Amino acid sequence: MNTTIKIAGIEMKNPVMTASGTFGSGMEYSEFVDLNRLGGVITKGVSNVPWVGNPTPRVAETYGGMLNAIGLQNPGVDVFLERDLPFLNQFHTVSVINVCGKTVEDYVEVVERMADTSIGMLEINVSCPNVKEGAIAFGQNKEALYHITKEIKAKAKQPVIMKLSPNVTDIGEMAKAAEAAGADAVSLINTITGMKIDIHKRMFALANKTGGLSGPAIKPVAVRMVYQAAQAVKIPIIGMGGIATADDAIEFILAGASGVCVGAMNFVNPYTTIEVIDGIEAYMKKYNVADIHDLIGAVHS
Amino acid sequence: MSEFGQNTAKSKQEVFVIEQKEIAPDIFDLWIETTMAQHAKAGQFISIYPKDKSTLLPRPISICEVNRENDRMRLVYRVQGAGTKEFSSYQKGDKISILGNLGNGFPIEKTKEIKVMMIAGGIGIPPMLQAAKDALGEVIFVVGYRDSNLFLKEDMERYGQVVIATEDGSYGTKGNVIDAIREQKISADVIFSCGPMPMLKAVKQYAQEQGIPAYISLEERMACGVGACLGCVCKTKEVDHHSYVHNTRICADGPVFDAKEVEI
């Protein structure tokens, strides 16, 4: 049975990765999960300088999901290179850095710092809904997305994955813009902008008022968008949004995703990634699927 | 930041409920059987996963008391929302899913041969019980309640003097814990504290005025409980060691902090 996939020439032992922002740089969850078993680890967003993030409360639960407005708190690229990357280097898994910034120059600075490192791929965060500058500002307009993708591709030494926002009218058009600018892959979906109000206090549940919705509640939206993106572009797609089980992951793969990420469900069950990996193999055995590639985009009417 | 005690490996376990009862309106006293009890430190917490998957996230609950020898852990919590409402229905023999032990506890080693004042309010009282059991010096409790539903009073009395303040004046000093401390002229060498934020702010200020070291347990809305999501942060005086931005993680680096280190 073959579960190995290749995204832009980078080989992964299976298609299962961690969604940015839900797994740190793997340290905290390495107490629960053998990182060697994962196809890849996608890190929390890394910026050129430390970012302080938003005020609390930053998280709120919703029906079958959660809102977050962390605001990309992170120690910046220097600490990432000194502490986080050497940690990840101990494991046989593909390290994917998620890069965030306020300006194109901020992104390019981090991308250039990765040039001679063991980072396998770059995921460019143009879709975080919780920061006031940068991020989603580049991801909701196809010209802006084309432009930043082009700038980053010109400097990047590793394959570039553009992480797309679901908060757009036509996801296919956005995926096409990334592809036209030379992106090696796209990942989707980031969180869906939402809001929760505490009716007893008559206050917003989050200090930021709005936050990004994730968890099982968003899965049907994510599967639909992965399918639409797969119809629009030829580059590989990494699908995510509410994956809790192998069955969920297989839905994304059938919709057209070559890779999948577990996100918010890491918080609910720290072993989710491993259960998804084992469950995909069990599914392949049950249906006599020799190669995972036979499942990618294999949905039919 | 918080270097109190060593952290033993965390795990997710399926455990059995030994017994549960309501000890005051909406305050539940739950005993579970778990090997986590063996390594639990006073001031640490565990997370309980609701069975209803519409309530997705684990609920952090402080450890009230442990019997380390026979794997028993006591959790005393208030019903606040859908998750804790579900927990309150658990009965003997029910199987529940927990994650623990989380966070760092109170610096028990700092109580050696000195007097420790356990200042707590409301649902901040439970973790002080194990702290008092483990303390290496004399213990005095100063605890605040809304009214005369004085849950855990008899338990605390086994480990030290208990001074009580009630908001409605129905028992002890009318007012808050600081009012009780001043009225009774209580002094101590170190303070451990847990309770609502206005109380913790007052404790921090009182400790500073008196020049007494104080260790306070904070809470915040959490998602992961293990330091990965950065949902539950608190502003700090110095840069934190995780993100280097004066924002420390309450779940992983706390929940107990030196009052001087956090800006509340």
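Where in chain B does B:L230 lie? In this predicted model, B:L230 is placed in the loop that runs between β13 and β14 (233-235) of chain B. Phi of B:L230 is near 60°, a positive value for a residue other than glycine. With a relative accessibility of 4%, B:L230 counts as buried, because the limit for that class is under 20%.

B:D71 offers a second case of this kind. Its phi is positive as well, at about 60°, although B:D71 is not a glycine. The residue sits in the loop between β5 (65-67) and β6 (72-78) of chain B. B:D71 has a relative accessibility of 18% and counts as buried.

Two peptide bonds of chain B also deserve attention. The bond that joins B:G100 and B:N101 is cis, with omega about -15°. B:N101 belongs to strand β7, which covers residues 95-102 of chain B. A further cis peptide bond leads from B:G254 to B:P255, and its omega is near 5°. B:P255 is found in the loop between α6 (250-253) and β16 of chain B.

These local features belong to a chain that can now be described as a whole. Chain B contains 6 helices and 16 strands. Its C-alpha trace spans about 50 × 45 × 35 Å along the principal axes. For 264 residues, a compact globule would be expected to have a radius of gyration near 18 Å; the value for chain B is 17 Å, which agrees with that expectation. Of the 264 residues, 61% count as buried. Contacts across the sequence can be described in a similar way: among those between residues at least 6 apart in chain B, 62% join residues at least 24 apart.

The surface and the charges complete this overall view. The accessible surface of chain B amounts to about 10,600 Å², and carbon and sulfur atoms account for 46% of that area. Chain B carries 31 positive and 35 negative side chains, and the centres of these two sets lie 2 Å apart.

Within chain B, an open sheet of 7 strands follows the order β11-β10-β9-β8-β12-β13-β16, with mixed pairing. The edges of this sheet are formed by β11 (173-174) and β16 (256-258) of chain B; each has a single partner strand, so one side of each is left without a neighbour in the sheet. Strands of a sheet pair through backbone hydrogen bonds, in either a parallel or an antiparallel sense. At the β16 edge, strand β13 (residues 214-217) of chain B is joined to β16(B) by 3 bridges, and the two run antiparallel. In this pairing, B:S217 stands opposite B:V256 of β16(B).

Chain A provides an example of parallel pairing, centred here on strand β15 (residues 237-240). This strand is joined to β10 (residues 185-188) of chain A by 3 bridges, and the two run parallel. Within that pairing, A:L188 has A:G239 as its bridge partner in β15(A). β15(A) also pairs with β16 (residues 259-262) of chain A, again in the parallel sense and over 3 bridges. Here A:G239 stands opposite A:V260 in β16(A).

In a regular strand the side chains alternate between the two faces of the sheet. In β15 of chain A, A:I237 and A:G239 point one way, whereas A:I238 and A:M240 point the other way, and all are buried.

The chain then continues into the loop between β15 and α6 (246-255) of chain A, where A:G241 has its place. A:G241 is buried, with a relative accessible area of 8%. Apart from neighbours within four places in sequence, A:G241 is in contact with A:I218, A:K219, A:A222 and A:F252. By comparison of positions, A:G241 and A:R202 are 39 residues apart in sequence and 30 Å apart from C-alpha to C-alpha.

Strand β8 of chain A and the loop that follows supply a last pair of residues. A:N125 lies in strand β8, and at 4% relative accessibility A:N125 counts as buried. A:N125 and A:S187 are 62 residues apart along the chain, and their C-alpha atoms are separated by 9.6 Å. A:V126 lies in the loop between β8 (121-125) and α3 (142-155) of chain A. With a relative accessible area of 0%, A:V126 is buried. A:V126 and A:M66 are 60 residues apart in sequence, and their C-alpha atoms lie 21 Å apart in space.

Terms used: Residues numbered from 1 in each chain as written. Chains lettered and ligands numbered in written order. Predicted model: local features only at pLDDT ≥ 70, side-chain atom pairs only at ≥ 80, totals over all residues. Heavy atoms only, no water. Helix = DSSP H or I, 4+ residues; strand = E, 2+ residues; numbered from the N terminus. Rg over C-alpha atoms; globule rule 2.2 N^0.38 Å. Buried < 20%, exposed > 50% of the residue type's maximum accessible area, 1.4 Å probe, protein only. Contact = heavy atoms within 4.5 Å. Areas by Shrake-Rupley, 256 points an atom, 1.4 Å probe, with all protein chains shown as cover. Lys, Arg positive; Asp, Glu negative; His and termini not counted. Charge placed at Lys NZ, Arg CZ, Asp CG, Glu CD. Pairing = 2+ DSSP bridges.
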